[in-house]
Amino acid sequence: MTQKQFEELVRKGIITHTGLTEKLSDPEFDIDKYITQIGILGSIKEDLKIDTPAEVLDVILAGGNAKIDADITIAEGTSLKFSTDTQLDLNGKSITGTVANIDKTNHDGDIVRISGTKSSIKNGSLIDNHVWDGKSTPAAVIFVENGAEVELDNVQVSGVYPLWVKGDGSTVTIKSGEFKSTVSQTLYVQGQSKIIIEGGTFEAPDYNGKNYCLNVKDGQFLKGKNAVDYIEVRGGTFKGFNPAVNAENPVSSFVAEGYESVEVTPGVFVVQAIIK
């Protein structure tokens, strides 16, 4: 966080601290040292009050990198927006929120929204507490759009829609982690974009007798395109879902060429390279 960003939050009253306003007017005041001392990058110490943790994190993200060292809860419908190339290190902590319901004209309210940037998230949890009412469409935990390039590594993501990729030209690579839908679709692609799975654990409950753990928008398959062109699986463990036999129409495999889906225990499938 730069001095300008920190001062902006202080002036807005988002960050308050005894004597801080006076200190900022002192030309000898070392604000960088002060930030380090109070652990401003996500920490909530006894002598520091952060009224809106999500806005603090938004400002940090605007700088391109963030590492948090405390669990953060954000207000319902609040989105952490990656407006520039960003590397977010959750550092073993969690960001918890409740996504908003959306409609065709409004897709705000995701917990994390990544648009048109080259970004990554690693080492922690993103949790959505939204309780689905059975008819509305909630936003996603992670929403990706506008040609973004995203890497997810060692992240635990849970909610109605853990990952939703919309529009054309985006690529999301999942290195590892745990992704669990509370309703039906764990990873969802809407548009000519792609998710690549190299590892991780994936799970979703059945919906109307079928499992849509990996899902592509209905009617999206263009001439010559298959499921693997939207979600390509090169590794990972799938509970209650076989990525080689998906629920889409037409029925086609998500498993990459040269790999296979093996049922290691009843209902649990592991994708691995074919050994010749």
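Which residues form one aromatic cluster? In this predicted model, the cluster consists of Phe143, Tyr161, Trp164 and Tyr188. The setting of that cluster, the further ring pairs and the surroundings of Asn242 are described below, after the overall features of the protein.

The secondary structure of the protein comprises 24 strands together with 4 helices. Of the 276 residues in the protein, 49% are buried, and the protein exposes an area of about 13100 Å², of which 46% is supplied by carbon and sulfur atoms. Among the contacts in the protein with a separation of 6 or more, 58% are accounted for by residues that stand 24 or more positions apart.

A search of the whole structure for aromatic pairs returns 8 of them. One of these is formed by Tyr161 and Trp164, whose rings lie 4.8 Å apart from centre to centre with an angle of 50° between the planes, an arrangement that is classed as tilted. Both residues belong to the aromatic cluster that also includes Phe143 and Tyr188. Tyr161 has a relative accessibility of 13% and therefore counts as buried, the cut-off being under 20%; Trp164, at 5% relative accessibility, is likewise counted as buried because its value falls under that cut-off.

A pair with another geometry is provided by Phe179 and Phe202, the ring centres of which are 5.3 Å apart; because their planes meet at 10°, and planes under 30 degrees apart count as stacked, the pair is assigned to the stacked class. This pair links distant parts of the chain, since Phe179 is located in strand E16 (residues 177–181) and Phe202 in strand E19 (residues 201–203), with the two positions 23 residues apart in sequence numbering. Phe179 and Phe202 are both buried.

Outside the regular elements, Asn242 is placed in the loop that runs between strand E22 (237–239) and strand E23 (259–265). Although it is a loop residue, Asn242 has a relative accessible area of 18%, and it is therefore classed as buried, the limit being under 20%. The side chain of Asn242 takes part in a polar contact of 2.8 Å with the side chain of Ser261, and a polar atom of the Asn242 side chain also lies 3.0 Å from the backbone nitrogen of Ala244. When neighbours within four places in sequence are left aside, the residues in contact with Asn242 are Ser261 and Phe269; Ser261 is thus a partner of Asn242 both in the list of contacts and in the polar contact between side chains.

Note on methods
Residues numbered from 1 in each chain as written. Predicted model: local features only at pLDDT ≥ 70, side-chain atom pairs only at ≥ 80, totals over all residues. Heavy atoms only, no water. Buried < 20%, exposed > 50% of the residue type's maximum accessible area, 1.4 Å probe, protein only. Polar contact = N/O pair within 3.5 Å; in protein donor to acceptor, adjacent residues only side chain to side chain. Contact = heavy atoms within 4.5 Å. Phe/Tyr/Trp six-rings, centres within 6.5 Å; stacked < 30°, edge-to-face > 60°. Areas by Shrake-Rupley, 256 points an atom, 1.4 Å probe, with all protein chains shown as cover.
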